[in-house]
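Me: I should like to learn how to read a protein model feature by feature. May we work through one together?

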Amino acid sequence: MGIVDSLNAGWTQLLDLLSKVIIPDWTSVVGLLPILIVLGVVGPIFTILMLFWLWYFVTKPRRGVVQLAEGPYPAPIGSDGYPIFPPGEPYCYHDALVYPPGATRCETCGRELLVRCPKCGLGRAAEIDTCGNCGLVLRIEKRAGGKALRPVAGPPPGGAAVA
Ligand SMILES: [Zn+2]
Ligand SMILES: [Zn+2]
């Protein structure tokens, strides 16, 4: 037994060990394939879903604010500390709430709503649609049931085309 022989033996052992590490055991890799597919396919989908979910919840509050505008909303406070009521919109002076057009009574305190004339600025009850000061008529129409007069598209009934 010389030194070369023992070195060769060690070298062979090392190569044997390396071959086991480098060449994978294919049966175990095939067994892992479903997990790899799940991680490679479901993982990105799940990430995208999470991003959509996040995006949905980030953008959702804005829609809520838009919906709030349909109901009564607190009147903005001016620099003098008093609430500012936009002209032509019903409001409750007691609760400082501004109501959508068509409302006549406060949902919070039950008081009659007031409205300020957009033309002369005089306040009156929201039930009255004509200004007692300047005569301006505020048309209170509900958007849902209102019969809007639309211009008829196409030729007028009498103007038939020349045959
Ligand atoms: Zn009120
Ligand atoms: Zn007026």
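Reply: The turns below take up confidence, layout, a helix, the core and an unusual backbone angle.

Me: Which average pLDDT does the chain have?

Reply: One begins with confidence, since this is a predicted model. The chain has an average pLDDT of 81, and 78% of the residues reach at least 70. Over residues 145-152 the pLDDT is below 50, and this stretch makes 1 contact in the model beyond near neighbours in sequence. Among the elements, strand E2 has the highest mean pLDDT, 96, while helix H2 (residues 26-68) has the lowest, 78.

Me: How many helices and strands does the chain have?

Reply: There are 2 helices and 5 strands. In sequence order they give the pattern α-α-β-β-β-β-β. Of the contacts with a separation of 6 or more, 22% join residues 24 or more positions apart.

Me: What span should helix H1 have, and how far apart are its end C-alpha atoms?

Reply: Each residue of a helix is taken to add 1.5 Å, so the 20 residues of H1 (residues 3-22) should span 28 Å. The end C-alpha atoms of H1 are 28 Å apart, in agreement with that expectation.

Me: Is helix H1 largely buried or in the open?

Reply: One counts the buried residues, a residue being buried if 20 or more other C-beta atoms lie within 10 Å of its own. For H1 that number is 0 out of 20 residues, so the helix lies largely in the open. In the chain as a whole, buried residues make up 9% of the 163 residues.

Me: Which residues form the largest nonpolar core?

Reply: That core has 12 residues, among them Phe85, Tyr91, Val98, Val115, Ala126 and Leu138. Strands E2 (91-92) and E3 (97-98) are the elements that each give two or more residues to this core. Leaving out residues up to four places away in sequence, Phe85 touches Ala75, Tyr91, Val98 and Arg116.

Me: Why does Val115 count as buried?

Reply: Val115 has 27 other C-beta atoms within 10 Å, and therefore it is buried. This residue is found in strand E4 (residues 114-116). Beyond four places in sequence, Val115 touches Gly88, Glu89, Pro90, Arg124, Ala126 and Leu138. Ala126 is 11 residues from Val115 in sequence, yet their C-alpha atoms are 5.0 Å apart.

Me: Which phi does Ala96 have?

Reply: Most residues other than glycine have a negative phi. Ala96 is not a glycine, yet its phi is positive, about 55°. This residue is placed in the loop between E2 and E3.

Me: What surrounds Ala96, and which residues is it in contact with?

Reply: Ala96 has 15 C-beta neighbours inside 10 Å, so it counts as partly exposed. Apart from neighbours within four places in sequence, Ala96 is in contact with Pro74, Ala75 and Pro83. Tyr82 is 14 residues from Ala96 in sequence, and their C-alpha atoms are 9.0 Å apart.

Note on methods. Residues numbered from 1 in each chain as written. Chains lettered and ligands numbered in written order. Predicted model: local features only at pLDDT ≥ 70, side-chain atom pairs only at ≥ 80, totals over all residues. Core = buried A, V, L, I, M, F, W, Y, C linked by C-beta atoms within 7 Å. Helix = DSSP H or I, 4+ residues; strand = E, 2+ residues; numbered from the N terminus. Contact = placed C-beta atoms within 7 Å. Expected span 1.5 Å × (residues − 1). pLDDT = per-residue confidence, 0-100.
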